[in-house]
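Here is a short report for someone meeting this structure for the first time. It begins with one residue and widens from there.

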Amino acid sequence: MKTSMIREVLSKIFLIFLLLIIIFPFFWLLVSSFKNEKDIITYPPAILALTYTFDNYVKVRTTIPLMAYLKNTVIFAGGVVLTSSLINSLAAYAFARIKFKGRNIFFFFVLLTMMMPFQIFMIPLFMQMNKLNLLDTYAGLILPRMASASGIFLMRSFFVTLPKDLEESARIDGLNELQIFSKIMLPLCKPAILTMSILTLMTNWKDLLYPLLLTNSTNMRTLAAGLALLVGQNIFAYGPVMAGTIISILPLIILYAFMQKYFVQGAIMSGLKE
Amino acid sequence: MSDKIKAIVRFWNKPQHAAYLFILPAILVLSIFTVIPLIGTFIIGFFNINIFFTNTSFAGVANFMRLIQDSRAINALGNTLYFTLLQTPVQVGVGLVVSVLISKSTIFNKFCRAVFFIPVVCSLTAIGIIWSVLLDGNIGIISYYLLRLGVQSPTFFRDPALAMPTVAVMTVWANFGVTMTILLAAIQGVSLSLYEAAEMDGASKMRQFFHITIPQIFPALGYCLLTNFIGSMQVFDQVYVTTGGGPNFKTETIVQYIYSRGFTSPFELGYASAISAVFFAIIAFLSLLLNVYMSRKEAGLS
């Protein structure tokens with residue numbers, strides 16, 4: 001009995017310590033983003049300051065093209081989410097519920113692409129996009145991401161769980177194949193689509209190397225790529241950079257606060273691929 | 001004419017035909033933007049190609065021969081393996097311990113789960129910026145407190161010996177929420193009756209952990225190890241933001257080297273592709289090895 005008590009206490013202490021390690025950097029970032037520049041670069045450094053200001057959030061728009069970054073990230077990540085959720089679900093539906101010649105071969109092909117890290121083929125992809133004149137365009141950022149093997153896989157594993165005779169009765173009612181998909185199937189898999197969309201949104205919002213490669217003008221950069229390039233290891237104006245960092249992570253953190261279930265589900269589902 | 005259209009519509013409306021239309025967009029996108037570039041990697045590696053497509057010529061195996069003698073490439077491979085060996089075991093270890101500690105669904109544990117996942121939704125760019133200021137030798141608050149505790153001038157990302165371990169620990173901080181979440185789902189799927197039976201036999205918590213939890217969640221554990229391993233080998237973002245490969249190439253990784261070879265002067269895309277192709281073979285080989293090892297372990301456990 002006694003040892004279990006000690007274990008309980010020790011585990012609580014460890015977890016609280018871990019909570020602090022996770023929360024502190026965010027707390028510090030938030031506080032710093034409201035500090036005057038001189039309070040950030042003062043020595044010895046302090047967590048809190050005597051005066052706070054909103055200045056950094058005003059200055060950030062002139063020191064960093066942050067609004068352009070934000071707009072680009074929303075268009076890129078949002079565009080990928082909208083197009084890929086449709087294309088992935090269509091393919092997943094066919095793979096899960098329709099018997100057709102070559103189904104296994106096509107599905108194997110999809111699975112094979114899942115294991116190919118982007119880093120391996122980024123150079124030919126760059127050359128290809130260059131030839132297609134798609135570098136530095138929204139289309140160039142969105143097109144390659146409009147379908148993803150893991151998205152198809154995730155949606156397929158949901159479609160197979162739906163009852164068997166669903167589409168038979170719809171066919172008898174005279175619906176065509178596309179209507180069966182859009183009117184019967186899609187409404188049933190809203191949670192799965194939401195999970196996939198959130199996963200896609202998060203991946204693309206956070207992505208660095210991919211947008212770094214496919215864009216080259218400053219006003220086409222995404223938040224992750226733009227901040228990394230402009231700031232990187234050499235921060236020039238701490239206050240605005242802190243504010244910019246807050247702005248870059250806030251949208252997803254807010255979304256996470258309201259839809260934690262889907263974020264977690266996405267992490268688990270992407271972990272289920274065998 | 002309209003009969004013809006009707007016939008076409010009827011043909012494609014048969015489920016076994018419509019299926020091809022349904023998978024067509026996905027297959028097209030994956031073929032054009034994944035498979036063709038992937039094949040391209042192996043072909044371009046045999047050419048001298050620069051970013052401006054001037055002086056393109058067949059190079060044969062010259063690029064690959066050059067790679068063997070390229071000390072910067074070998075250094076990058078070493079750094080990548082070093083990062084992987086630091087990051088992967090620690091991340092899976094921390095993820096496992098935490099997931100076991102918070103497996104009961106109490107309010108406190110649910111709070112922990114929610115908080116531990118927060119870094120996962122933030123870009124490594126943002127996280128890199130945060131940590132490089134926190135650990136800055138001059139204005140970093142953590143460096144300052146460590147100095148006060150008696151640690152000699154801790155400069156972390158600027159210290160040749162400490163830079164890579166620091167990047168690895170930061171990566172664990174950023175990503176262990178994913179491992180924790182996956183393992184937590186696996187642990188919650190273990191039948192409670194197994195623990196009850198062990199409890200009846202008087203097995204200690206430690207014994208229960210090693211003899212019930214670990215074997216039961218082994219597939220999930222293996223999955224985490226493998227994906228973490230593959231992900232670590234491709235490390236780029238966090239290094240690019242915090243150290244840029246320095247100090248003195250001590251943290252330059254393979255992907256970063258491929259990137260700088262291809263996209264900074266003299267823009268040798270052919271050589272960079274050759275490195276990519278060899279790198280792909282290395283990852284595939286090591287992943288296979290790890291997979292075989294885990295399967296053997298799993299067979300031994302059951």
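Thr200(A) counts as buried because it has 25 C-beta neighbours inside 10 Å. The cut-offs are these: a residue is buried if 20 or more other C-beta atoms lie within 10 Å of its own, exposed if 12 or fewer, and partly exposed in between, with C-beta atoms placed from the backbone. Thr200(A) sits in helix α11 (residues 190–206) of chain A. Helices (H or I, at least four residues) are DSSP runs, numbered from the N terminus.

What does Thr200(A) touch, not counting residues up to four places away in sequence? Its partners are Val80(A), Val81(A), Ser84(A) and Gly151(A). Contact here requires C-beta atoms, placed from the backbone, within 7 Å. Ile16(A) is 184 residues away from Thr200(A) along the chain, and their C-alpha atoms are separated by 31 Å.

The model is predicted: local features need pLDDT of at least 70, side-chain atom pairs count only at pLDDT 80 or more, and totals for chains, interfaces and linings use all residues. Residues are numbered from 1 along each chain as its sequence is written, while chains are lettered from A and ligands numbered from 1 in the order in which they are written.

**Two helices**

Helix α1 (residues 2–32) of chain A has 31 residues, so at 1.5 Å a residue it should span 45 Å; the 44 Å between its end C-alpha atoms agrees. The expected span is 1.5 Å times one less than the number of residues. A kink of about 30° lies at Ile23(A), shortly before the proline Pro25(A). That bend is the angle between axes fitted to the seven residues ending there and the seven starting there. Leu18(A), Pro25(A), Leu29(A) and Ser32(A) are buried in α1(A). Their cover includes α2 (37–40) and α14 (238–258) of chain A, together with α4 (71–101) and α6 (124–134) of chain B.

Helix α11 (residues 218–233) of chain B has 16 residues and reaches 22 Å from first C-alpha to last, close to the expected 22 Å. Its buried residues include Tyr223(B), Asn228(B) and Met233(B). The buried residues of α11(B) pack against α4, α8 and α14 (269–301) of chain B.

**Domains**

Both chains have two assigned domains, with bounds from an automatic or database domain assignment.

| Chain | Domain 1 | Domain 2 | Distance between C-alpha centres |
|---|---|---|---|
| Chain A | residues 23–53 | residues 61–270 | 35 Å |
| Chain B | residues 2–44 | residues 70–301 | 38 Å |

In chain A, the contact takes eight residues from domain 1 and six residues from domain 2. On the domain 1 side, α1(A) gives the largest share, three residues.

**Between the chains**

How many residues does each chain give to the contact? Chain B gives 71 residues and chain A gives 73 residues. Helix α2 (residues 15–44) of chain B supplies the largest share of the chain B side, 20 residues. By class, that side has 51 nonpolar, 18 polar and two charged residues. Ala, Val, Leu, Ile, Met, Phe, Trp, Tyr, Cys and Pro count as nonpolar, Asp, Glu, Lys and Arg as charged, and the others, Gly among them, as polar.

The largest nonpolar core has 150 residues; Ala91(A), Ala94(A), Ile152(A) and Leu183(B) touch the most other members. Such a core is a set of buried Ala, Val, Leu, Ile, Met, Phe, Trp, Tyr and Cys residues joined through C-beta atoms within 7 Å. Leaving aside neighbours within four places in sequence, Ala94(A) is in contact with Ala19(B), Phe22(B) and Ile23(B).

Methods:
Two residues are in contact if their C-beta atoms, placed from the backbone, lie within 7 Å.
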